[in-house]
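Visitor: I have a structure open and would like to learn how to read a few of its features. Could you take me through them?

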Amino acid sequence: MGMEPLYQTKVACVCCEAEFVTSRVRPSLKRAIRSDSDFCSYFKSVNPDFYVVRVCPYCGFASTENSNQRLVDWQRNAYLERIGKHWKMNDYGGERSAADALACYKLALLTGQIIKEKDRVVAGILHHIAWLYRYEGNAEQERRFLQYALEAYIKTYQSERELMNNARLLYLIGELNRRLGHFHEAVRWFSRVIHDKSIMDSAMIRASREGWHAVRDEMSGRGAELPEEMQRIGS
């Protein structure tokens with residue numbers, strides 16, 4: 001008999017401070033068999049993304065490891081007022097179905113919006129929700145949440161551009177624009193990664209070149225007029 005794919009870990013709720021158990025996928029099973037160009041990954045057995053969100057069974061507060069680890073009083077009060085005091089005990093600590101995973105992410109999204117979580121964290125949650133719809137083949141909802149994620153990634157870029165090397169973020173903004181058919185915008189963001197001399201992330205430069213070529217092929221295939229940047233470079 002093989003090892004159980006899930007293991008349980010104890011965490012303390014940052015809102016009500018109760019201890020609860022949440023499940024994680026064993027690191028040895030986290031290797032993806034393939035990934036999409038926006039980093040959506042596919043796994044042989046259990047999907048680790050289903051277990052990213054931790055939900056307190058007692059007050060319903062939902063967060064990820066990237067979320068705020070401490071709440072100030074207004075955040076706690078706002079959360080308890082909107083969700084906590086209406087919450088009926090519900091334990092997501094064991095094995096999760098795709099529907100459970102979606103419910104957990106949507107709780108994390110609502111929680112993040114109430115406590116005004118960092119744009120970067122909210123963007124990641126929105127992007128994961130889009131992936132969950134992609135796994136199900138629900139193109140309409142996937143597209144809806146990709147658009148929300150794109151808007152949140154742009155807000156992240158606007159608020160954090162001074163703080164870090166944003167090659168991955170710039171690439172993602174380009175890639176989500178491409179997936180949504182905003183081709184001119186996609187080229188603009190991909191070009192930033194390709195031409196910014198301060199960006200040394202070779203994987204993201206390569207991915208941006210691939211995205212740039214994918215846009216050109218898609219536009220040429222539709223007989224659409226290419227953006228100026230493409231006409232100038234011609235390759």
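Visitor: Let me start with C40. Is C40 buried or exposed?

Guide: Happy to help, and do keep in mind that this is a predicted model. A residue counts as buried when its relative accessible area is under 20%. C40 has 0% relative accessibility, so C40 is buried.

Visitor: Why is the sulfur of C40 not in a bond with the closest cysteine sulfur?

Guide: The general idea is a distance test: a disulfide needs two cysteine sulfur atoms within 2.5 Å. For C40, the closest cysteine sulfur belongs to C104 and lies 18 Å away, so it is too far for a bond. A search of the whole structure gives zero disulfides.

Visitor: And C59, what is the distance to its nearest cysteine sulfur?

Guide: The sulfur of C13 is the nearest, at 3.7 Å, and C59 is in no disulfide. C59 is also buried, because its relative accessible area is 5%.

Visitor: Now a helix. How far apart are the end C-alpha atoms of α6, and what span should its residues give?

Guide: The check compares an expected span with the one in the model. Helix α6 has 13 residues, 183-195, and at 1.5 Å a residue it should span 18 Å; the end C-alpha atoms are 18 Å apart, so the two agree.

Visitor: Which residues of α6 are buried?

Guide: They are F183, A186, V187, W189, F190, S191, V193 and I194.

Visitor: How do I read the pockets?

Guide: Rolling a probe the size of a water molecule over the atoms shows where empty space is left. Here, the largest pocket has a volume of about 650 Å³. Its lining has 27 residues, and V52, N66, G124, H128 and R168 lie nearest the centre.

Visitor: Which elements supply at least two residues of that lining, and what classes does the lining of the largest pocket have?

Guide: β2 (19-25), α3 (119-136) and α5 (167-179) each supply at least two, with the largest share, seven residues, coming from α3. By class, the lining has 14 nonpolar, seven polar and six charged residues.

Visitor: What is the volume of the second largest pocket, and which residues line it?

Guide: Its volume is about 150 Å³. Its lining residues include G112, Q113, K116, E117, Y148 and K155. Two or more residues come from each of α2 (98-114), α3 and α4 (139-160), and α4 gives the largest share, four residues. The lining of this second largest pocket has four nonpolar, two polar and five charged residues.

Key
Residues numbered from 1 in each chain as written. Predicted model: local features only at pLDDT ≥ 70, side-chain atom pairs only at ≥ 80, totals over all residues. Heavy atoms only, no water. Expected span 1.5 Å × (residues − 1). Buried < 20%, exposed > 50% of the residue type's maximum accessible area, 1.4 Å probe, protein only. 1 Å grid on protein atoms, 1.4 Å probe; cavity = no way out; pocket = protein on both sides within 12 Å on 5 of 7 lines; lining within 4 Å. Points joined across faces, edges and corners; volume = space filled by probe spheres on them. Nonpolar A, V, L, I, M, F, W, Y, C, P; charged D, E, K, R; others polar.
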